[in-house]
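Trainee: I should like to learn how to read a structure of this kind, feature by feature. May we look at it together?

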Amino acid sequence: MTHTFNRIAASALFALAAGAFVPAHAAGNDADLANAVQSTLTSQLGSDAKDLTVTASNGSVTLHGWTQGVQEESKARYVASTVPGVVNAYSDVRTFSNDSN
C-alpha cells in the first residue's frame, strides 16, 4: 500500500513540476492563439493590421497578407511575438508602397 502511495505521489509531483514547462497556449488551441494574436494586432496597430490574417500551429504563428512597408511588417511580427503562448512568429506578409517613384 505504501509503495503504491509513493508512486502516486511521485507521479503527481512530476506532473506538477512538468506543468511549469508546458507552453501557455497548450491550455487552448491553435484557433484561440490565432484569434488572440489577431486581436492584439488590431488593438496595437489599428488600420495597419486590416490586411493581415494569422494562422497558428503548436505555438508558432504565421502572419499572412499585406502591409505598406517593411517596417510595418516587422512591427506586426514583433507585436505577434509578444502575445502569451506564441513560441515563434513567422511572416508570409507581402509589402506594397503607394509611392509612384
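**A salt bridge within a helix**

Mentor: In helix 3, Glu-73 and Arg-77 are 4 residues apart, which means that about one helical turn separates them. Their side chains meet in a salt bridge, with 3.4 Å from N to O. Please keep in mind that this is a predicted model.

Trainee: Is Glu-73 buried or exposed?

Mentor: Buried means under 20% relative accessible area. Glu-73 has 11% relative accessibility and therefore counts as buried. Its partner Arg-77 is partly exposed, with a relative accessible area of 33%.

Trainee: Which residues does Glu-73 touch, not counting those up to four places away in sequence?

Mentor: Leaving out residues up to four places away in sequence, Glu-73 touches Thr-67, Ser-91, Val-93 and Thr-95. Glu-73 itself belongs to helix 3, which covers residues 70–81.

Trainee: How many salt bridges does the count come to?

Mentor: A salt bridge requires a side-chain nitrogen of Lys or Arg within 4 Å of a carboxyl oxygen of Asp or Glu. By this rule, the count is 2 salt bridges. One of them joins Asp-51 and Lys-50, whose closest N and O atoms are 3.4 Å apart. Asp-51 is partly exposed, at a relative accessible area of 36%, whereas Lys-50 counts as exposed because its relative accessibility is 64%.

Trainee: Where is Lys-75 placed, and how far apart are Lys-75 and Gln-44 in space?

Mentor: Lys-75 has its place in helix 3. With 48% relative accessibility, Lys-75 counts as partly exposed. Sequence separation and spatial distance should be read side by side: Lys-75 and Gln-44 are 31 residues apart in sequence, and their C-alpha atoms are 9.8 Å apart in space.

**The chain and its sheet**

Trainee: What is the order of the elements in the protein chain, from the N terminus on?

Mentor: One begins by listing the elements. The protein chain has 3 helices and 3 strands, and from the N terminus on they run α-α-β-β-α-β.

Trainee: What is the order of the strands in the sheet?

Mentor: The order in a sheet is read from neighbour to neighbour. Here an open sheet of 3 strands has the order 1-2-3, with mixed pairing. Strand 1 and strand 3 (88–95) stand at the edges with a single partner strand each, so one side of each has no neighbour in the sheet. On average, neighbouring strands of this sheet are turned by 15 degrees against each other, direction ignored.

Trainee: In which sense do strand 1 and strand 2 pair?

Mentor: Strand 1 and strand 2 (residues 60–67) pair in the antiparallel sense, over 6 bridges. Individual positions can then be matched: Val-54 stands opposite Leu-63 in strand 2, and Thr-53 has His-64 in strand 2 as its bridge partner. The hairpin of these strands has 2 residues between them, and Asn-58 takes a positive phi near 55 degrees there.

Trainee: Which side chains of strand 1 are buried?

Mentor: One compares the two faces of the strand. Along strand 1 (residues 52–57) the side chains alternate: Leu-52, Val-54 and Ala-56 point to one face and are buried, whereas Thr-53, Thr-55 and Ser-57 point to the other face and are not.

**Helices and core**

Trainee: What does helix 2 lie across?

Mentor: For a helix beside a sheet, one reads its contacts and its direction. Helix 2 (residues 30–45) lies across strand 1 and strand 2 and runs at about 150 degrees to strand 1. Helix 3 packs on the sheet as well, touching strand 1, strand 2 and strand 3, and its direction makes about 155 degrees with that of strand 3.

Trainee: How many residues does the largest nonpolar core have?

Mentor: The largest nonpolar core has 18 residues, and Leu-33, Val-37, Leu-41, Val-54, Val-61, Leu-63 and Val-86 are those with the most contacts inside it. Helix 2, strand 1, strand 2, helix 3 and strand 3 each supply at least two residues of this core. The largest share, 5 residues, comes from helix 2.

Trainee: What percentage of the residues in the protein chain is buried?

Mentor: Of the 101 residues in the protein chain, 25% are buried. The chain exposes about 7,000 Å², of which carbon and sulfur atoms supply 54%.

Note on methods. Residues are numbered from 1 along each chain as its sequence is written. This is a predicted model: local features need pLDDT of at least 70, side-chain atom pairs count only at pLDDT 80 or more; totals for chains, interfaces and linings use all residues. Side-chain values use heavy atoms; hydrogens and water are left out. Buried means under 20% relative accessible area, exposed over 50%, partly exposed in between (1.4 Å probe, protein chains only). Contact means heavy atoms within 4.5 Å. Two strands pair if DSSP finds at least two bridges between them. Accessible areas come from the Shrake-Rupley method with a 1.4 Å probe; for residues, only the protein chains shown count as cover. Axes are lines fitted to C-alpha atoms, for helices over the stretch in contact, and angles run from 0 to 180 degrees between N-to-C directions. A nonpolar core is a set of buried Ala, Val, Leu, Ile, Met, Phe, Trp, Tyr and Cys residues joined through side-chain atoms within 4.5 Å.
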